[in-house]
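Biologist: I would like to learn how to read a structural model feature by feature. Could we go through one together, with the general idea before the particular case?

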Amino acid sequence: MNFRPISHKIIYSANAISSIIIILLTQIQLEISCNYSEQYLKMEWKYIILNYMTLIAVLGLFTIILRKLWISQICFSISFFLVGIVNYYMIKLHSLPLTIFELKNFKTALDVINGYNIKIDNTVLLLIALEIPSIILAFIPKFVQKNYTLKQNIIFNALTLIYCSALLYIGYLSEYSIKPHQTIGWSWQESYQTYGYVACSIEMIQSSFHIIQMPENYSEAAVQNIEIEVPETFSERPDIILILNETFYDLNQIIDIKTDVPYFDNFYSLENSIRGYSVVPVRMTNASEYELLTSNSLQIMQGITPFNVLDMTNANSIVSLMNQLGYNSIGAHPRTGENYSRGRAYPAMGFQKIYFEEDFINREFYSDRWFETDDSLYQNLITWYENNSEDNPLFIYLLTIQNHADYEMNPPEVDSIHILGDYGEYTSRINEFLSCMKLSDTAFKDLTDYFLNVSKPVIICMVGDHSPYFADDIVSEKYTGYEKDLRLRSTPFIIWSNRDMESKDVGYVSLNYIMPMVLEVADLQRSPYYQYMLDLQKDVPVLSSFNMYMDSDGNITDYKTHTELTEKIENYFYLEYNNLSPNRNQVLFDVYSPFAMYDNIN
């Protein structure tokens with residue numbers, strides 16, 4: 001029996017139809033993975049079309065590389081399906097979408113995911129349901145394909161590259177591009193819902209080529225004109241302990257919570273303490289860690305994982321400053337040094353001794369949770385402190401892990417704190433989380449009790465790195481807009497001393513102010529950079545990394561709005577950019593007086 005050969009029109013139609021549907025299903029998957037599927041059709045049509053045409057370009061590039069359309073469609077479909085799945089869990093667990101900056105963080109991501117109870121929910125099932133017809137359609141070109149000549153392949157490749165170039169220019173790069181150049185600010189959700197996942201991903205890829213954004217009107221001359229008066233101080237150099245406490249957060253920031261037992265009674269009653277709420281950049285430990293240690297705001301480096309992206313060699317930080325002041329410095333975290341490239345970043349910043357997972361002894365755990373308790377880490381810290389035989393004062397930085405998610409590891413009967421109220425599926429998680437907060441509260445009180453009996457002056461600062469992942473789902477409806485985001489990003493902090501000092505609550509301050517505040521409490525010499533921040537803090541206590549600031553009257557304002565504070569704020573970002581540039585003016589980031597000034601004191 002003779003079969004009539006399939007006409008070229010049928011082949012082209014079949015291939016086109018399979019590609020059209022696969023790209024559409026892929027686009028829908030990506031938007032659903034951002035948790036706003038109901039918003040998809042509310043997006044302006046020009047942005048829906050831009051996302052779709054961008055995916056056409058990507059499929060074309062797949063085809064150039066893989067040469068066969070059906071193989072390209074399968075690889076394209078599976079690749080973006082996996083992107084959608086990972087993006088969904090990234091947002092669910094960290095409240096951040098998957099971006100190019102996380103690719104270098106793959107090993108850390110796997111380690112972090114092990115701590116969560118990953119469930120296949122309805123959204124994931126929907127993504128799978130959309131993927132099945134995509135895979136089936138991808139095989140159509142295999143059965144109706146024709147062999148193309150070398151000339152036809154060359155023409156296809158050339159036309160594809162021309163299309164990609166034109167789309168990139170018209171859609172993203174030109175002065176009058178379809179998508180505005182910079183759209184991702186304090187609320188990534190708003191940008192992604194407005195412009196789509198693919199278009200915003202293109203923006204993130206563009207930003208990866210210029211990670212650090214130069215402030216408008218920046219110049220080295222402008223930096224030189226900034227007036228900073230640094231007072232000379234002659235402290236006895238107290239030992240300083242800095243603790244970044246994993247997911248240390250007060251849920252009262254977002255809901256009116258009542259429990260059967262108090263869980264923060266020690267934290268809020270300690271004497272000789274300055275306390276408040278620290279506004280962190282995003283829900284990512286390394287972002288908070290970077291701002292805390294360097295006092296640099298991620299406002300001009302949005303969307304990055306700092307230790308993975310930035311070269312920390314000889315970076316100015318609290319570590320380099322403490323080394324200049326003659327301190328012995330220790331950096332510690334009870335996980336592998338591969339996490340967030342800490343094994344590279346810590347020594348690059350100048351920590352003289354570093355302790356990671358294998359260096360901790362007598363580790364203890366809270367029931368079935370597999371994260372070391374704060375108390376057991378503090379016992380290690382006390383051992384390091386007691387083993388410091390040198391006359392030099394000690395600076396210890398410890399990143400804890402006890403309160404890491406997930407919060408469904410222990411049996412309910414182990415919980416020591418119970419919320420009075422029903423929060424549905426989150427009730428048990430809240431109980432376990434608050435029980436962890438109680439452990440942190442008790443452990444910190446025990447740590448301060450130990451140092452009360454130490455003869456040398458000691459200052460301890462503890463601050464949380466971010467809120468728990470479920471915070472977005474239980475936040476009260478009375479908090480909206482900037483205030484909602486501010487509260488979700490505000491973690492408790494405390495600066496305690498074993499010497500008498502005035503106790504006070506300073507309210508909200510941004511995380512990059514914390515170490516300048518510690519230096520002021522310790523009466524230690526500050527660099528001009530740190531001194532400028534202390535002066536700025538009086539007028540602008542919150543200098544956030546999400547496009548807004550809060551003044552001393554509590555007014556929240558966008559950076560783009562010109563006010564009487566604009567020049568002061570711009571000067572800070574000029575200093576920060578100079579700090580991060582190859583041609584930085586190092587005198588702005590060193591202490592004025594050499595370490596030798598202390599020789600006549602001790």
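Modeller: What follows is a walk through the sheets, a salt bridge, some backbone details and a cavity of this model, which is a predicted one.

Biologist: Let us begin with the sheets; what holds the strands of a sheet together, and in what order do the strands of the eight-stranded open sheet run?

Modeller: In general, the strands of a sheet pair through backbone hydrogen bonds, either parallel or antiparallel. Here the open sheet of eight strands follows the order β4-β3-β5-β1-β6-β7-β2-β8, and its pairing is mixed. At the edges stand β4 (353-355) and β8 (504-510), and each has a single partner strand, so one side of each is left without a neighbour in the sheet. Direction ignored, neighbouring strands of this sheet are turned by 15 degrees against each other on average.

Biologist: How many bridges link β6 and β7, and in which sense do these strands pair?

Modeller: β6 and strand β7 (residues 490-497) pair over five bridges in the antiparallel sense, and as one example to look for on the display, Ile460 has Trp496 in β7 as its bridge partner. Helix α15 (residues 374-386) packs on this sheet and touches β1, β3 (328-332), β4, β5 (394-399) and β6, while its direction makes about 160 degrees with that of β5.

Biologist: There is also a sheet of three strands; which strands stand at its edges?

Modeller: That open sheet has the order β9-β10-β11 with antiparallel pairing. Its edges are β9 (542-543) and β11 (556-558), each with a single partner strand, so one side of each is left without a neighbour in the sheet. Strand β10 (residues 548-550) is joined to β11 by three bridges, and Met550 stands opposite Ile556 in β11. Helix α18 (residues 481-488) packs on the sheet and touches β9, β10 and β11, with its direction at about 105 degrees to that of β11.

Biologist: Turning to side chains, how many salt bridges are counted, and what does the one between Asp239 and Lys456 tie together?

Modeller: A salt bridge is counted here when a side-chain nitrogen of Lys or Arg is within 4 Å of a carboxyl oxygen of Asp or Glu, and by this rule the count comes to 16. In one of them the side chains of Asp239 and Lys456 meet at 3.4 Å, N to O. Asp239 belongs to strand β1 (residues 239-245) and Lys456 to the loop between α16 (427-452) and β6 (458-464), so the pair ties together parts that are 217 residues apart in sequence.

Biologist: Which backbone details should I look at in the loops?

Modeller: A cis peptide bond joins Ala405 and Asp406, with omega about 15 degrees, and Asp406 is placed in the loop between β5 and α16. Asn314, in the loop between α12 (306-309) and α13, has a phi near 60 degrees, which is a positive value in a residue other than glycine.

Biologist: Finally, what volume does the largest cavity have, and which classes of residue line it?

Modeller: The count comes to one cavity of 30 Å³ or more, and the largest cavity has a volume of about 60 Å³. Its lining includes Thr294, Asn316, Tyr530 and Phe589, and the elements that give two or more residues to that lining are α13 (318-324) and α20 (528-539). By class, the lining has four nonpolar, six polar and no charged residues.

Methods: Residues are numbered from 1 along each chain as its sequence is written. This is a predicted model: local features need pLDDT of at least 70, side-chain atom pairs count only at pLDDT 80 or more; totals for chains, interfaces and linings use all residues. Side-chain values use heavy atoms; hydrogens and water are left out. On a 1 Å grid over the protein atoms alone, a cavity is a set of points where a 1.4 Å probe fits but cannot get out, and a pocket is an open set with protein on both sides within 12 Å along at least five of seven lines; lining residues have an atom within 4 Å of a point. Grid points are joined across faces, edges and corners, and a volume is the space filled by probe spheres set on the points. Helices (H or I, at least four residues) and strands (E, at least two) are DSSP runs, numbered from the N terminus. Ala, Val, Leu, Ile, Met, Phe, Trp, Tyr, Cys and Pro count as nonpolar, Asp, Glu, Lys and Arg as charged, and the others, Gly among them, as polar. Two strands pair if DSSP finds at least two bridges between them. Contact means heavy atoms within 4.5 Å. Axes are lines fitted to C-alpha atoms, for helices over the stretch in contact, and angles run from 0 to 180 degrees between N-to-C directions.
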